[in-house]
Amino acid sequence: MASAAEIASQARRTEVRDRWLLSAPALLIIFVAAIGPLFVMLAYSFMVKGDYGDVKFGQYSLDGWFSVFLQRDIFDDTLTFADAHLSIFWRSIKLSFLTTVSTLLLGFPTAYFIATRPRHTREIWVFLVTIPFWTNLLIRTFAMQQVIRNEGIVNSLLRWVGVIDEPLQIMHTDWAILFGMVYVYLPLMVLPLYASMEKLDFRLVEAGYDLYAGRLQVLRRIIIPLVSPGIIAGSILVFIPSLGAYVIPRVLGGGKNMMLGNLIELQFGAGRNWPLGAALSITLMVLVMVALLFYVRNASRSGATHG
Amino acid sequence: MPESAGASEKRVAIEARGIVKTFGQGANALRALDNVSIVIRENEFFTLLGPSGCGKTTLLRLIAGFEYPTEGAILLYGEDIAGLPPFKRPVNTVFQSYALFPHLTVAENVAFGLQMLGRSKAEIDARVSEVLALVRMQELAARRTDQISGGQAQRVALARALAPSPKVLLLDEPLSALDYKLRKEMQIELKRMQAETGITFVFVTHDQEEALTMSDRIAVMSKGRVLQIGSPWDIYDKPADRFVADFIGETNFLSAIVLGVADGVAKVRLTSGAEISATLAEGGVAEGEATVVVRPEHARAVKDGGQIAGVVENVVYFGTDTHIHVRLDDGEMFIVRQQNSRTQSCGFEVGDRAGVEIDADAAQVLKD
Ligand SMILES: Nc1ncnc2c1ncn2[C@@H]1O[C@H](COP(=O)(O)OP(=O)(O)OP(=O)(O)O)[C@@H](O)[C@H]1O
Ligand SMILES: [Mg+2]
């Protein structure tokens, strides 16, 4: 007869084997579809660019990485920072950050409102929040264009009220990109926020009031710490796609106000510089990773990642 | 023990005037509180006692400010507090569900109220360790509150509500999750605190023994109504109606006919034909059919004689005393409680015939 310890270790072995078997399809997909292409990108970034796009296999160079941040003057060969690239990096980070903050400020009260409705009406509100997802991103972005362009709704309204004489130039500015991204990514903030607010025990809010905390204190000391998993998830879900946004800056920002996504597309398209495009892509990924690490570390330090 | 003479001179801490609270509307409307009027004096230990769902928590929530009365007013030291939000009321609650903050430690939970009141760090630290010692939770001060047991959580909830030294402490079944010994200790602590701090306690419990031993006065509630308010002695010995008599302690109900009343004492005839005198509850029936109550300890089983008689159906040994269940000749059940002696059994066996002798002044006519 097997001893209890043997049975337990046997059970543990079976469990480990089952776990691997069950996760095999997922692991396969992750390697083939996600990690594999990544290595291709990494390899491309160290190759010599082809004359009509593509890369020259077997010929390696650091030019791709080099031109991410630096540029060589065509006349006197001096090295300078690639101002155009740097300003695009800066714009991407700035706009993504502003988008995250704006969606958080707008999404928090929205999620709170939904979470405090009677149970059966909450689903209707959540449903309403997801409606924008039903249409294609491109179409939503063009709709936003109709709202903010010089002859659009906002400008017509403001002129009609008499606040302005000349139309406000919103299109093809960073503002346009910001408005567009806030509009498109807001649901991605509201949904995770709502998910954690729905789990919030409102008796704790009452306990806070009972212990002399005013409304602001209750918000700061009780609600925000308790829904912080939702805040983190929402911020990540908004920040990452914002950083790589392509359609929105393309349509609303015009050719001049590029973001990283547009720059990368340019290298693989008209720019015919795949190594640079690959290097830029990897740089973008590193940026995202750094931002995530920074965020998660901050969040866990403030004791937010409880239960 | 009659109400102490000084109690009525104390100031009124809380007054509820004609409180009605309805939840829902139309056909689903539920009257959780129905015309409740209560006066609670300063430093009183006032208990709300009643079965589940009778509206005890609802009344506490109205006092704390989490709900607003549908009708009526609540006065705190003579002032209508309808306009005061909960965080401006000098009232703290020990919640039935504890409602401890899961993202804070035990000590941080207890410190919360003091921090909100803007006390100095030194003062907060001193007070937190003081109340944690009181509820014997000093060792777990640094624990997170999702890592403690139910009884420990209850003690933290108590400490958290006590820390800011409120004028009125609302306790919603604060000892229900504690084991017998700890509960007894906490009961004594609470009484001691009440005496030392002058805090007014509004205490909710299911447990009638706890209510009887701790309270200055008790309000017995049922289905949103207050049936009787009085000292434990009043409630136990002079129950106003059948519900109160039945809810508090064990009671025998006998059907009887009131023959007449003289000087507040009724002459009643039991179904056995025996005539006894009985006190009259306030508003009790003055003549005709009525119910008479007799507590089990106010009657004795006898071999022969007694006002009523029947057959012993059960003998239950309780250690300190024995309960003898007598099926009376008219079919009703009568329970007699007799103290045990060390050397003798109660002297009755199942199937024996027994008479029941009711003590003089032990019977009371109910008002229903
Ligand atoms: N928010 C609410 N909405 C609807 N009905 C409610 C609400 N709160 C309480 N009730 C109802 O009011 C009645 C009284 O409830 P309450 O919580 O005051 O009972 P309780 O005496 O505290 O009971 P327990 O001893 O079980 O805690 C119950 O029938 C309950 O279902
Ligand atoms: Mg209750």
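Start in chain B by selecting Phe253(B) and Val293(B): the two are bridge partners, with Val293(B) sitting in β14(B). Keep in mind throughout that this is a predicted model.

Now widen the selection to the two strands around that pair. Colour residues 252-262 of chain B for β11 and residues 288-294 of chain B for β14; they run antiparallel and share seven bridges. Add β12, β13 and β20 of chain B and you have a closed barrel of five strands. Going round, the order is β11-β12-β13-β20-β14, and the pairing is mixed.

**Next stop: the other end of chain B's numbering**

Select residues 12-23 of chain B, which make up β1, together with residues 71-76 of chain B, which make up β4. These two are antiparallel as well, held by five bridges. To find your place in the ladder, pick Arg17(B), whose bridge partner in β4(B) is Ala73(B).

From β4(B), step on to β5, residues 79-80 of chain B, an antiparallel neighbour joined by two bridges. Click Leu75(B) and look across: Asp80(B) in β5(B) stands opposite. What lies between the strands of this hairpin? Two residues do, and Tyr77(B) has a positive phi near 50 degrees.

**Ligand 1**

Select ligand 1 and show its surroundings, which amount to 13 residues. The closest are Ser52(B), Gly53(B), Lys56(B), Thr57(B) and Thr58(B). Three distances deserve a label:

- From the side chain of Lys56(B), an N or O atom is 2.7 Å from a ligand oxygen.
- His206(B) brings a polar side-chain atom to 3.0 Å from an oxygen of ligand 1.
- Cys54(B) uses its backbone instead, with an N or O atom 3.2 Å from a ligand oxygen.

**Across to chain A**

Now show both chains and select the contact, with 26 residues from chain B and 19 residues from chain A. Together the chains bury about 2100 Å², and carbon and sulfur atoms account for 65% of that area. On the chain B side, put Phe87(B), His103(B) and Met116(B) in sticks: they lose the most area to chain A, together 34% of what that side buries.

Which side chains form the salt bridge here? Glu206(A) and Arg61(B) do, at 2.7 Å from N to O. That is the one salt bridge counted between the two chains. For polar contacts, the count is seven residue pairs, with both residues at pLDDT 80 or more.

To see which elements of chain B take part, colour α1 (56-64), β6 (91-94) and α2 (106-116); each supplies at least two residues to the side touching chain A. Which of the elements gives the most? That would be α2(B), with four residues. If you colour this side of chain B by residue type, you should get 16 nonpolar, six polar and four charged residues.

**Last stop: a hairpin in chain A**

Finish by selecting residues 47-49 and 55-60 of chain A, the strands β1 and β2, which pair antiparallel over three bridges. Click Met47(A) and you'll find Tyr60(A) opposite in β2(A). The two strands form a hairpin with five residues between them. In the turn, pick Gly53(A), which has a positive phi of about 85 degrees.

Methods:
Residues are numbered from 1 along each chain as its sequence is written. Chains are lettered from A and ligands numbered from 1 in the order in which they are written. This is a predicted model: local features need pLDDT of at least 70, side-chain atom pairs count only at pLDDT 80 or more; totals for chains, interfaces and linings use all residues. Side-chain values use heavy atoms; hydrogens and water are left out. Two strands pair if DSSP finds at least two bridges between them. Contact means heavy atoms within 4.5 Å. Buried area is the accessible area (1.4 Å probe) that two parts lose on being put together, summed over both. A salt bridge is a side-chain nitrogen of Lys or Arg within 4 Å of a carboxyl oxygen of Asp or Glu. A polar contact is a pair of N or O atoms within 3.5 Å; within protein, one must be able to donate a hydrogen and the other to accept it, and residues adjacent in sequence count only if both atoms are side-chain atoms. Ala, Val, Leu, Ile, Met, Phe, Trp, Tyr, Cys and Pro count as nonpolar, Asp, Glu, Lys and Arg as charged, and the others, Gly among them, as polar. A residue is near a molecule or strand if one of its heavy atoms lies within 4 Å of it.
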